[in-house]
Amino acid sequence: MTTRQSVMLLLVLVLSLPGLIHSFKPLFNSNSFTHREITRTAVLRKTAEVCRDIAASKGLDFNLIIDNNLSAGKVQKACSSMDTFTSFVSTIKFETAIASMYLSNAAVDAIFLLSAARHFDDETFHRGRDIITEGASVVKAHAKIENYFRGRWSLGQICHTLQDFYSHSNWVELGNKAPYSALIRPDQPLKNLAGQNTPTCRSCVGENCTNNILTDVLNQGLLTTGYFSIISSSKPTGKCSHGGSADRTSRRDPVGGINKDTLDSSHGFRHNEAANLAVRATMELMEDVRLAAGDTNFMRLMGLSQSPVLCFVIDTTGSMSDDIDEAKRVSFEIIDRKRGTGEEPSGYILVPFNDPDFGPIVMTSNADIFKGQMNSLTAAGGGDIPEMALSGLQLALTAAPPFSEIFLFTDAPAKDAYLKNTIIALIESTKSQVTFMLTDNAAGRRRRRTSQGVAPRVMGRSGAQLYQDLAQASGGQAIQVTKSDLSLATSVIVDSSASAVVTVFQAARNPGRPDHFNFTVDGSLRNITAYITGDSPLTFSLTSSTGVSQTSSQSSGPLASVTTAGNLRRLSLNTDNQTGLWQLSVSSSNPYLVKVTGQSSVDFIYNLVEEHEGAHGDFSVKEGRPLSGGNTSFLVTVTGSDTVKVTEVTLFDSSGPTEVKGSLQSLGSSDFLVTFSGIPAGEFVFILKGEDSSSTSSSFQRQASTQIKTSSISVTAQANNTNIEPGTTISIPFTVATTTDGVITDSTTETFTVRVSNDRSYSSTSPSNVTTVAGSGGKANGTVTLTAPSSAASGTDVTLTIEAENAAATDINYVVLRFSVTAKVTDVNRPVCQVVNTSTCDSTSLLCASSQWEFIANFTDGINGTGIDSVTIRQGNGTLNMSTVVEAGGENITLVTYTASCCSPIVELSAVDSVGNVGTCVGQARVLTTPPPTTTTPATTTAVQTTSTGGPPTCPRCTLPLTLRQLG
């Protein structure tokens with residue numbers, strides 16, 4: 001057996017041990033604080049604080065009480081009141097962002113199970129601090145390039161390590177009431193650490209560990225953490241252990257432990273104190289990120305947005321000029337109509353493609369930049385017909401936030417159809433919808449020349465079928481339309497760009513057959529739209545809950561206005577308070593799709609999770625497909641109303657038809673754990689039903705757009721790190737196995753085809769196939785390598801997909817891994833402020849607005865620093881001017897001049913260097929209380945008292961009194 005196989009076998013054995021989790025529980029616990037609750041509370045409180053500060057700067061009221069009892073709805077509503085916003089205040093984007101952070105937090109226990117530093121075990125203070133500070137640099141780099149989804153994932157992971165410090169160390173037992181700020185500030189020393197040979201604990205008395213930390217340790221204020229191992233009982237003499245049934249070191253003298261993970265832990269009597277400090281420490285870390293990113297980018301990082309991103313993937317070959325013009329028209333219309341409102345798109349993504357090129361991807365939150373990029377698109381070239389459509393779509397899927405809708409424009413088949421399974425894996429992983437705008441693609445259709453005189457291409461049936469398959473898998477549509485009618489079809493883009501769009505119902509019939517589809521219209525729904533996509537001949541009828549009917553022969557009837565464009569029929573419903581059960585009947589022998597959407601605050605998000613075995617097991621997020629015949633669990637969050645009661649969650653496969661009902665476990669607030677037993681093989685949709693007591697019609701239904709497919713293949717992968725330095729290579733071991741009823745089949749011998757892809761086209765190696773062999777426990781192991789080029793920019797993310805297909809090519813499963821390119825940060829020092837001059841304000845003046853004062857300061861980052869990237873006003877209502885000069889020694893100096901009226905006599909400036917270190921400087925106008933003397937005296941600065949939990953740093957270059965508050 002090879003060393004790598006031994007490691008993989010060890011990991012499997014480890015995962016089967018009881019009492020595995022040795023931190024705050026990741027997601028669920030009935031009576032103790034979990035990483036999920038700690039992270040969620042910190043996000044809500046910090047987001048509310050930022051909204052409060054923004055409101056204060058605008059002179060607006062902010063009445064929300066900021067405490068540990070906040071909900072996403074309360075915070076969203078309070079923050080939305082500051083701006084113009086729609087009546088549909090949806091928390092779906094906010095909840096999705098929060099879930100991303102706490103799920104990545106929980107994943108640390110699965111990905112980095114044996115890493116002492118990730119959990120501050122074994123007194124690994126410096127390595128643990130490095131993980132936090134280096135990770136914070138990654139988060140800031142992501143925020144800087146507006147890659148918020150990846151930034152959230154990285155932030156959640158480092159929050160886990162930071163939070164574990166308060167549970168695994170004796171910081172609480174030392175009597176500390178504030179977070180240990182040096183953990184997020186690499187330029188500050190870690191003080192009073194217990195030496196390697198310093199005893200720290202005595203044995204517990206039976207189960208009582210109340211006084212097991214040595215008195216000398218407490219009196220001297222020595223900092224220690226518990227040792228932990230699931231394999232060996234070895235630890236330094238006299239050292240504390242973590243404790244718990246899985247910790248072998250806790251059985252060796254001194255026995256017992258000091259962890260505060262739950263109320264039942266060795267030091268569970270300190271659990272609540274540790275959890276509260278973990279919340280405050282997480283908020284302190286988020287404040288550091290906020291200062292580096294700025295308020296606007298920080299709020300986007302937190303996901304506080306009403307509207308989805310606008311994401312286009314556009315074919316730019318010669319026959320596409322009309323399509324490009326229409327994409328410009330509809331996107332500019334959305335931008336211009338919604339700019340400055342709560343419905344303005346939260347971001348913009350553009351991916352051009354042709355052959356052989358695709359990209360580069362444009363990601364921005366600036367509408368004008370997006371407009372400029374759209375205007376720069378030109379239709380040119382195009383030799384053979386197929387284009388790199390799926391490569392462009394792959395870039396968009398990995399860049400867009402989860403639950404996005406992506407629109408792809410083309411009139412050609414995909415040259416890279418081999419990426420179909422990769423695209424489906426990414427669709428299922430991100431739960432994003434893809435709608436295809438396919439122009440002049442019907443075989444045999446008479447072709448017309450474009451406005452540029454280039455003949456459009458003809459797409460064969462197989463080429464169109466690929467796009468239809470992807471649309472159906474994602475819950476999107478494959479709209480086939482002539483170029484002249486494209487403007488009628490792009491109304492679906494306008495529909496999807498609205499805020500709080502929910503899917504009420506969706507179904508596909510392939511092959512086509514007559515069928516009746518029932519859906520519930522509840523009182524919270526507005527602007528309901530039904531779509532029927534399918535080739536003619538196709539007829540339909542719509543019947544309301546009151547029995548009123550309308551047929552497809554009526555373009556404008558009592559229930560809907562109907563627009564037809566190509567194979568798309570769009571029905572804008574007039575529900576007229578007719579809540580209850582509606583029916584849409586469709587008759588066609590051709591494949592078709594039915595979809596019903598509306599606007600509502602009531603919606604849900606879901607994530608596939610898997611359980612860790614053992615007496616103290618928990619759940620973590622699972623990549624890939626659920627296993628056929630096995631038990632499957634989902635973490636579900638319902639948004640939009642405190643009066644919503646979930647009554648039923650089902651997985652429905654219409655081809656059977658098969659319906660599997662899940663068992664519901666409430667986790668408090670609006671979170672539920674839904675477990676399905678023995679899911680059969682198939683392709684399912686996720687349907688949620690419930691009651692809303694605030695609505696005139698209490699029953700509601702919502703449906704997930706993305707299909708959920710099961711598989712009998714298990715694919716797992718374990719990366720030792722999620723960060724890659726430019727110019728380096730990482731190895732990712734993976735395991736493939738066959739399962740029966742969700743359990744690995746030990747006796748099966750089978751060869752699996754392996755396909756590996758990454759969205760950045762980075763160099764990668766992998767086996768083309770793996771085979772289970774006797775003695776392998778039914779598993780086949782392999783290794784993938786991924787190399788980041790030396791030119792890769794810090795903050796870039798790369799998504800790696802590993803797929804395994806059985807020999808019969810009838811089953812496939814996958815794992816999706818995301819990595820961040822992270823250049824090693826050597827600049828850990830914060831920008832330094834030197835005050836040059838502060839002028840005075842005359843207190844005898846009755847009108848402060850009639851006089852002004854001036855504050856002048858220099859910011860420097862040192863000769864070896866990365867340089868000042870930006871200077872902003874944190875407090876004050878004046879104007880800021882900046883210039884840069886170079887000293888004789890080569891050091892860059894940023895000279896800032898702040899001018900304000902004497903009505904605003906205090907200023908706080910923040911300087912951020914290129915890697916996100918932050919220095920802030922506070923100044924206050926000197927108040928002249930007596931008439932000025934005839935002689936001139938030097939100006940001085942009045943010191944302003946501020947607080948800093950890590951102790952106020954000094955500013956040796958400052959020649960005048962000032963308050964300097966710097967955050968790393």
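In this predicted model, Leu155 touches Met101, Val139, Leu285, Met286, Leu301 and Met302, once residues up to four places away in sequence are left aside. Leu155 belongs to the largest nonpolar core, a set of 67 residues, and it shares with Phe165, Tyr166 and Tyr180 the distinction of touching the most other members. Several elements feed this core with at least two residues each: helices H2 (35-57), H3 (72-80), H4 (92-111), H5 (125-144), H6 (148-168), H8 (271-293) and H9 (295-301), plus strand E16 (603-611). The top contributor is H8, which puts in 10 residues. Going back to Leu155 with these ranges in hand, its partner Met101 falls within the span of H4 (92-111), and Val139 falls within H5 (125-144). Two further partners, Leu285 and Met286, sit in the span of H8 (271-293), while Leu301 is in H9 (295-301).

A second core lies apart from this one; it holds 33 residues, among them Ala399, Ile423, Ile424 and Val434.

Zooming out, the chain runs to 968 residues, and 57% of them are buried. Its secondary structure comes to 16 helices and 45 strands. As for how the chain packs against itself, take the contacts between residues at least 6 apart in sequence: 73% of these join residues at least 24 apart. On the outside, about 37,200 Å² is exposed, with carbon and sulfur atoms supplying 49% of that area.

Then there are the cysteines. The sulfur-to-sulfur distance rule picks out six disulfides, and three of the links are worth walking through. A disulfide is a covalent bond between the sulfur atoms of two cysteines. Cys204 and Cys209 make one of them, with their sulfur atoms 2.0 Å apart. The torsion about that S-S bond is about 110 degrees, so the link between Cys204 and Cys209 is right-handed. Both ends are tucked away: Cys204 is buried at a relative accessible area of 9%, and Cys209 is buried at 6%.

Further along, Cys841 is joined to Cys902, with an S to S distance of 2.0 Å. The link of Cys841 and Cys902 is left-handed, with -90 degrees about the S-S bond. Cys841 lies in strand E37 (residues 840-842), and Cys902 lies in the loop between strand E41 (892-901) and strand E42 (906-913), so this pair ties together parts that are 61 residues apart in sequence. Cys841 counts as buried at 7% relative accessibility, and Cys902 is buried too, at 12%.

The other link in this stretch joins Cys848 to Cys903, S to S 1.8 Å. Here the S-S torsion is 95 degrees, and the link of Cys848 and Cys903 is right-handed. Cys848 is in the loop between E37 and strand E38 (852-860), and Cys903 is in the loop between E41 and E42, so the parts tied together are 55 residues apart in sequence. Burial is another story for this pair: Cys848 is partly exposed at 33% relative accessibility, and Cys903 is partly exposed at 41%.

Two other cysteines round out the accessibility picture. Cys159 is buried at 1% relative accessibility, and Cys311 is buried at 0%.

Key. Residues numbered from 1 in each chain as written. Predicted model: local features only at pLDDT ≥ 70, side-chain atom pairs only at ≥ 80, totals over all residues. Heavy atoms only, no water. Helix = DSSP H or I, 4+ residues; strand = E, 2+ residues; numbered from the N terminus. Buried < 20%, exposed > 50% of the residue type's maximum accessible area, 1.4 Å probe, protein only. Contact = heavy atoms within 4.5 Å. Areas by Shrake-Rupley, 256 points an atom, 1.4 Å probe, with all protein chains shown as cover. Disulfide = S-S within 2.5 Å. Core = buried A, V, L, I, M, F, W, Y, C linked by side-chain atoms within 4.5 Å.
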